[in-house]
Structures are given as C-alpha cells and as structure tokens.
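Please open the structure in your viewer and keep the selection tool at hand. Each stop below names what to select and then describes what is found there.

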Amino acid sequence: MSAADLARSQRLDRGAWGWALFEWARNPYVLLCGIYVFSPYITNVVIGDPVRGQEVLASWHRISGLIVALSAPFLGAAADSMGRRLPLLGVIVAVMIPSIALQWYATPDGAMPLWALGALVIVTGVAFAWTEVLHNAMLTTVTPRQLMPRVSGLGLALGNASSVLLLVFVLVTIALPGTLLPGTPLFGLDPAAHEPSRVVTLICALWYLVFVIPMFLYSADGKAGAGAKLGHAMRNGFANVVRTIRKLRDYRNVATFLVARMFYADAKTAILIFSGVYASGVMGWGLIEMLLYGIFLSLVAVAGGFVGPWLDERFGSRNAVAIEIGVTLLCLVSMVSMAPDAIFFVIAVDPAVRVWDGPVFQTLPQLAYLGVSMIIGVSITAAYASSRTLMAKLAPKGMEGELFGLYALAGSATVWLGPLLVETFTATYESQRAGFGAISILLVAGLLLLMRVKPPAE
C-alpha cells in the first residue's frame, strides 16, 4: 500500500479535528469584520467619509503590518525551538477575542474614540498573524506526517465554510428582515443605531470563543521543558533567518522569486483588505449588497484551487503565476474603472437605468464590478496555489524547509507596503479610486521580477 493510500485509509483523531477547527473559529473575522461588513461600516458611517475612511483604515493596517513584519518571521523561527506552542497561543487568543468584541462599541457619535477603535483593529490584526504562525507550527505535532496534507486542507476548507455560513446567517436573519423580508432583525437589533453592521463583531468573537476550545482540549502540543524559552528561542530564530538569507547569495533564481512574491503577495493581501471598503464607498452598497458580495466572492474563490493546478500543467508553474498576476492586474484596473455612472473610465452609463428589476446589483456598473471581482477572487486564490508549487520546484533538494521559511517571510516582510500605498495615494489625490488603484504598482513590480525567474524543469 502506498503512502497516499495509507493516508486516505486512516481516520483523523479529535486532536487533528481540534487543530482544523481553529480556522473554523478564527477565519470568519477576516471576511465579516475585516472586509465585507464592519470595515465598510467604519469608513462610511463611523468616520463618515469614504475617502477619509479608506485613508485612516489603511494607516491602521500599515501599523499592524509593520509590527507583523518585524515580529512574525522570527516568531515562526522561534516556534520550532520552543517545546510548547499552546500556552503562548492561548495568551494571544485571550487578547484577540476581547479586541474583536469591543469593536461593537464603535458608533458615529464618538462614544468610542477613533484612536481606541484603531488600537483595537491593530491589536486584532497583529494577534491574527501571530496565531497563524503558532497554529501552523503545531501541524507537525497534531497528526502523523502522512496525514498533514489532509489536516491542512481540512483547516482551510473549514475556515472558508464557516465564513460563508456566517455571511449567510447574518444576511438571512439580520440584514433581510425588515428590509426585503417581513419581520424584524434577530435579537431585536436596531438598524437606526447601525446594530446589524456592528453585531458581526460580537458574533465573530463568540464564534471564536466556542470553537477554539477543542484545540486546547484535544490537540497535541510539544513536551513541556523540551525546548527553549521564548526569549532565547526568538534570538535563535533571528539568527537562523539571517543565516538562511545569506545562503540565498548562492541561489539567485530562488532569491529573485522570493522578492517578486514579496511584492505581488502584498498586493493580493491589500486587494482583499480594501476591496470591500472600495466597493461600499464607490458603489454605495449597503449591508445587504456587501453580504451578498462577500458570499459570491467566497464561493467562486474555491475555483481558484482548481484553476491554479490546471494552469500549472498547461503552461508551467512560473508562467501560471505570471498569468494569474496578469489577470489580477487587469481585473484591478477594471474595478478601479467602474463608477455608478461609468464603466472602463470612458463609457458613460445612466445610473437610473436598471439592467434588471431585482432588489440588488441593478445597474450595469454594479453588475460589471461584481463580475470582475469574482474573476479576481479566482485569480488570487489560483496565484496562492501556483506560487507554493513554484517554490517547491525551485527549492534545491535538502533546502526545502529553510526556503519555505523564507517563503513565509517574503509573505509578511512587506505586508505594510500595500496599506502605505493606499493611504498615501488616497490622501494625496483625495480619491478612493487613486488609493485602491495604487496597489497595481506592487503587481507590476512583482510581475516584472517574476519574468526574470528562470522556469524550473517541468
């Protein structure tokens, strides 16, 4: 029996399920609060000016990105030196859950100062990245090696599934009643006080609290006293990262790819962060439209997991990534070209003319924006998959572990750069379009560097 057949025949134990459920617990925060519901509420309602709101939100993400860039790579290297990850992970989760829940108090009347809301968003963003590092590092202890791909894939699938489930739940029970459906929102939420938009913070915090428990009860951790203390481990981690970076002088092709990925991965992250804010501010979409927008994009993004491998087989891994970045760039420019009264910058459209009589997405620019967004969702997911495959093919034999560590570093080292561009261009030109469109600079830089990478033998 082959290793693959043996892996398929084995059942996952409750420790592996507990590890995977962590993503089911944590990931809805990204979609509901970070992209589609709460962030647009902050920019359009709490701050009250979509342009100024996008600038402020970008500054918060820039700060959290800088903190993550300076800490997460070395925390990841240190995680390998520590005996146990769960205690530190528990502390970070205990900080993150209240930080999510307290954002409920963000209201237009200024009951929560803007600086306090920004601090909560920053703390939550940093904590999310740190939990990702430690959670990933636990994979080797929660399941046998042959089952790791199954468990890893299960975690990603559960994270996506729970996010879509909660988007649908909020839409059906909170957003639609009293608007397009009879009745009142669940829990008696008051739309006049913007409670349907704010409640996603409490829902995500409670969801996190409940479903994180199985991992702490059942998932295996390293042995106490078997590894270095956190401070010593961080110093060792820093030294290991520096040592591996120095080795790249002998592997210029790999180094070029990692720098290219640093730019285009940061661009993809920025698109995900600001696409909801941009759609809400420019198209004027409310809670119902944003929830549907999130559901559609989350569902079609699954196709990227199949498109990426197909492009790999047909064109080779490097060319597949180049195609995916190119499609992302074209889609981003197309999204920026849309306005309520125009598509592709120059084609004028009467915003009063409806393409259909449905309750949402009635005009041509809205439908065009939605369609292009769905394509970019597929291309971004495909690029994640193809980039990982390309890294595996480029890595010299025996250096896979070290180089995938740098691969993770390249994904976080400039995570602040996208928000910085959005903040700067939004403020300079006083335009959401200019700020969101500035992300294209990173895509172009990443694509040009990628084309200098010598393709691996396929």
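**Stop 1: a salt bridge between distant parts of the chain**

Select Glu423 and Arg62, which form a salt bridge in which the closest N and O atoms are 2.6 Å apart. The two residues come from distant parts of the chain: Glu423 belongs to helix H19 (residues 417–429) and Arg62 to helix H5, with their positions 361 residues apart. The model is a predicted one, and distances such as this one are computed from its atoms.

Now consider the surroundings of each partner. Is Glu423 buried or exposed? With a relative accessible area of 15%, Glu423 is buried, because the limit for that class is under 20%. Arg62, at 22%, is partly exposed.

**Stop 2: a salt bridge within helix H5**

Remain on helix H5, which spans residues 50–79, and select Arg52 and Glu55. Their side chains meet in a salt bridge, at 3.4 Å from N to O. The two residues are three places apart in this helix, about one turn. Arg52 has a relative accessible area of 42% and is therefore partly exposed.

**Stop 3: a salt bridge within helix H2**

How many salt bridges does the structure hold? There are three, and one of them is in helix H2. Select Glu23 and Arg26, whose closest N and O atoms are 4.0 Å apart. Because they are three residues apart in helix H2 (residues 14–26), about one helical turn separates them. Glu23 is buried, at 7% relative accessibility, and Arg26 is also buried, at 2%.

**Stop 4: Leu31 and Ser39**

Move along the chain to Leu31, in helix H3 (residues 28–36). Leu31 has a relative accessible area of 17% and is buried. Display Ser163 as well: its C-alpha atom is 6.5 Å from that of Leu31, although the two residues are 132 apart along the chain. When residues up to four places away in sequence are not counted, Leu31 touches Tyr36, Val37, Ser163, Leu167 and Ser298.

Then select Ser39, in helix H4 (residues 38–46). Ser39 counts as buried, at 4% relative accessibility. Apart from neighbours within four places in sequence, Ser39 is in contact with Cys33, Gly34, Leu57 and Val277.

**Stop 5: the largest nonpolar core**

Which members of the largest nonpolar core touch the most other members? Select Phe257, Tyr293, Tyr369 and Phe436, which hold this place in a core of 139 residues. The largest share of the core, 17 residues, is supplied by helix H13 (residues 252–283).

Keep Phe436 selected and display its contacts. Outside its neighbours within four places in sequence, Phe436 is in contact with Gln54, Ile271, Phe274, Ser275, Tyr278, Leu332, Met335, Val336 and Tyr369.

**Stop 6: helix H21 and its partners H13 and H16**

Select helix H13 together with helix H21 (residues 440–450). Their axes come within 8 Å and cross at roughly 155°. H13 and H21 are therefore roughly antiparallel, since that term applies to angles over 145 degrees. The contact involves Thr256, Phe257, Val259, Ala260, Phe263, Tyr264, Asp266, Ala267 and Ile271 of H13, which meet Leu442, Leu443, Ala445, Gly446, Leu449 and Leu450 of H21. The crossing of H13 past H21 is left-handed.

Next, keep H21 and add helix H16 (residues 317–337). H16 and H21 pack at an angle of about 160°, and their axes are 10 Å apart. This angle makes H16 roughly antiparallel to H21. H16 also passes H21 in a left-handed crossing. On the H16 side the contact is made by Arg318, Val321, Ala322, Ile325, Thr328, Leu329 and Leu332, and on the H21 side by Ser440, Leu443, Val444, Leu447 and Leu450.

**Stop 7: helices H6 and H7**

Finally, select helix H6 (residues 86–101) and helix H7 (residues 114–137). How far apart are the axes of H6 and H7? They are 9 Å apart, and the helices pack at an angle of about 150°. H6 is thus roughly antiparallel to H7. H6 passes H7 in a left-handed crossing. To see the contact, display Leu88, Leu89, Ile92, Val93, Val95, Met96, Ser99 and Ile100 of H6 with Leu120, Val123, Thr124, Ala127, Phe128, Trp130, Thr131 and Leu134 of H7.

Note on methods:
Residues are numbered from 1 along each chain as its sequence is written. This is a predicted model: local features need pLDDT of at least 70, side-chain atom pairs count only at pLDDT 80 or more; totals for chains, interfaces and linings use all residues. Side-chain values use heavy atoms; hydrogens and water are left out. Helices (H or I, at least four residues) and strands (E, at least two) are DSSP runs, numbered from the N terminus. Buried means under 20% relative accessible area, exposed over 50%, partly exposed in between (1.4 Å probe, protein chains only). Contact means heavy atoms within 4.5 Å. A nonpolar core is a set of buried Ala, Val, Leu, Ile, Met, Phe, Trp, Tyr and Cys residues joined through side-chain atoms within 4.5 Å. Axes are lines fitted to C-alpha atoms, for helices over the stretch in contact, and angles run from 0 to 180 degrees between N-to-C directions. Angles under 35 degrees count as roughly parallel, over 145 as roughly antiparallel, 65 to 115 as roughly perpendicular and the rest as oblique. A crossing is left-handed if the near helix is turned anticlockwise from the far one by less than a right angle, and right-handed if clockwise.
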